[in-house]
Amino acid sequence: MVKIVIAFYEMTEKHFDKQDLAILRVLLADSRKSLQEIGKEVGLSTTSCWNRIKRMEAAGAIQGYTVKVDLSQLGYRDSVIVLVNLESHSDETLYEFGRTLETIPEVLEAFLISGDYDYYIRIAVQDTRDYERLLREKLYKIPGIRHSKSSFVLRTLKKSDTPLV
């Protein structure tokens, strides 16, 4: 299955109408559908669908197309949520921390957040030993970490990239 990545911060009903959103819903379900199939589902011609998709791509609402992967099939059976506090909040420290996280393939998502912690990080690991290795070899080698708290995901109740589906 292929999924589509959409930027919602730029997408409002002022810029995109119901037919655009219908096309996006079809693409989110299966972006490998032909223009003929999309047009049939949303009640538009192939040319109209093509023009709307190209316009949404040009506007940056559709950012790209990608394959949806089942990580457990690749050996990554566990996810860990890591909350991190940094010793300093200088621009340089925040920049370097974020840059370093980008180099760690197991880090799936990282957010600078408000509240009791500075960062929310979601990490894919094979098992608890793999996570312990990742902590020792990668995460704890990042300078400036004051404190971290880890929780293994027991079950995913909902996972969605967009509020459209």
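1. The sheet. In this predicted model, 4 strands make up an open sheet, and their order is β4-β5-β3-β6 with antiparallel pairing. At the edges sit β4 (107–112) and β6 (145–152), each of which pairs on one side only. If you look at how neighbouring strands of this sheet are set, they are turned by 20 degrees against each other on average, direction ignored.

2. Strand β5 and its partners. I would spend a moment on β5 (residues 119–125), which is joined to the edge strand β4 by 5 bridges, the two running antiparallel. Between β3 and β5 there are 7 bridges, again with an antiparallel run. As for cover, 6 of the 7 residues of β5 are buried, so the strand is mostly covered by the cut-off of under 20% relative accessible area.

3. Some pairs to find on screen. A110 stands opposite I121 in β5. L112 has Y119 of β5 as its bridge partner. The next residue of β5, Y120, is the bridge partner of L83.

4. The β4–β5 hairpin. Here 6 residues lie between the strands, and G115 takes a positive phi near 110 degrees. It is a nice spot to check if you like looking at backbone angles.

5. Helix α5 over the sheet. Which strands does helix α5 (residues 128–137) lie across? They are β3, β5 and β6, and the helix runs at about 130 degrees to β5.

6. A salt bridge within α5. The structure holds 12 salt bridges, and one of these is formed by E132 with R136, whose closest N and O atoms are 2.5 Å apart. Both residues lie in helix α5, 4 residues apart, which is about one turn of the helix. E132 counts as partly exposed at 39% relative accessibility, and R136 counts as partly exposed at 46%.

7. A salt bridge from α5 to a loop. R133 and E106 also meet through their side chains in a salt bridge (3.4 Å, N to O). Because R133 lies in helix α5 and E106 in the loop between α4 (91–102) and β4, this pair ties together parts that are 27 residues apart in sequence. Is E106 buried or exposed? With a relative accessible area of 9%, E106 is buried. The two residues also belong to a wider set: E106, D130, R133, E137 and K138 are linked in a network of salt bridges.

8. A pair in helix α3. E57 forms a salt bridge with K54, and their closest N and O atoms are 3.0 Å apart. Because E57 and K54 are 3 residues apart in helix α3 (residues 46–59), about one helical turn separates them. E57 counts as partly exposed at 23% relative accessibility; for K54 the value is 36%, and K54 counts as partly exposed too.

9. A nonpolar surface patch. Please also have a look at V67, V69 and L74, which form a nonpolar patch on the surface with about 290 Å² of accessible area together. L74 is placed in the loop between β2 (62–67) and β3 (78–86). Why does L74 count as exposed? Its relative accessible area is 54%, and exposed means over 50%.

Notes:
Residues are numbered from 1 along each chain as its sequence is written. This is a predicted model: local features need pLDDT of at least 70, side-chain atom pairs count only at pLDDT 80 or more; totals for chains, interfaces and linings use all residues. Side-chain values use heavy atoms; hydrogens and water are left out. Patches are made of residues with over 30% relative accessible area and no salt bridge: like charges are joined within 9 Å, nonpolar side chains (Val, Leu, Ile, Met, Phe, Trp, Tyr) within 5 Å. Accessible areas come from the Shrake-Rupley method with a 1.4 Å probe; for residues, only the protein chains shown count as cover. A salt bridge is a side-chain nitrogen of Lys or Arg within 4 Å of a carboxyl oxygen of Asp or Glu. Buried means under 20% relative accessible area, exposed over 50%, partly exposed in between (1.4 Å probe, protein chains only). Two strands pair if DSSP finds at least two bridges between them. Axes are lines fitted to C-alpha atoms, for helices over the stretch in contact, and angles run from 0 to 180 degrees between N-to-C directions. Contact means heavy atoms within 4.5 Å.
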